[in-house]
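Hi,

Here is the structure I said I would pass on. Have a look at it first, and my notes follow underneath.

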Amino acid sequence: MSTDLVHADPRDVRRLATALQRFEQRITQISSETYREVGRANWHDRQKDQFEARFKDFHKKTNTFVGNEVSAMVKSLNSLAVALEQAQSQRF
């Protein structure tokens with residue numbers, strides 16, 4: 001198959017974009033749940049404070065990274081879906 005031809009169904013491309021958005025939501029939810037569990041842990045010393053600060057930073061970086069990457073991918077997939085729909089509407 002030639003690499004310059006696109007063989008894709010725009011509905012499938014949009015479904016993939018939606019699946020990526022659900023992935024982001026799940027990652028964010030799990031990260032938040034875990035962050036809350038760290039805070040609730042019956043552990044009270046300097047080491048926990050350090051761990052909690054480290055996890056807070058990890059939580060923030062993870063959510064930012066996943067959010068940015070998924071947003072870019074979803075935007076790209078939605079643009080592809082629009083282009084595919086336009087191409088399909090112009091076929092003879």
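**What I found**

Out of 92 residues in the protein chain, 20% count as buried. Keep in mind as you read that this is a predicted model.

Starting with the overall build: the protein chain has two helices and zero strands. Its radius of gyration is 20 Å, whereas the globule rule gives 12 Å for 92 residues, so the chain is more spread out than a compact globule. You can also see this in the C-alpha trace, which spans about 70 × 20 × 20 Å along its principal axes.

Now for the helices. How far apart are the end C-alpha atoms of helix α1? They are 45 Å apart, and that agrees with the expected span, because 31 residues (10-40) at 1.5 Å a residue should also give 45 Å. Buried residues in α1 are Pro10, Val13, Ala17, Leu20, Ser31 and Val38. And what covers them? The cover includes α2, which runs over residues 46-89.

That goes along with the contact pattern: if you take contacts between residues at least 6 apart in sequence, 75% of them join residues at least 24 apart.

Last, the surface and the charges. The accessible surface of the protein chain is about 7,400 Å², and carbon and sulfur atoms account for 54% of that. There are 15 positive and 12 negative side chains, with the centres of the two sets 2 Å apart.

Cheers

Technical notes
Residues are numbered from 1 along each chain as its sequence is written. This is a predicted model: local features need pLDDT of at least 70, side-chain atom pairs count only at pLDDT 80 or more; totals for chains, interfaces and linings use all residues. Side-chain values use heavy atoms; hydrogens and water are left out. Helices (H or I, at least four residues) and strands (E, at least two) are DSSP runs, numbered from the N terminus. The radius of gyration is taken over C-alpha atoms; the globule rule is 2.2 Å times the number of residues to the power 0.38. Buried means under 20% relative accessible area, exposed over 50%, partly exposed in between (1.4 Å probe, protein chains only). Contact means heavy atoms within 4.5 Å. Accessible areas come from the Shrake-Rupley method with a 1.4 Å probe; for residues, only the protein chains shown count as cover. Lys and Arg count as positive and Asp and Glu as negative; His and the chain ends are not counted. The place of a charge is taken as NZ of Lys, CZ of Arg, CG of Asp or CD of Glu. The expected span of a helix is 1.5 Å times one less than its number of residues.
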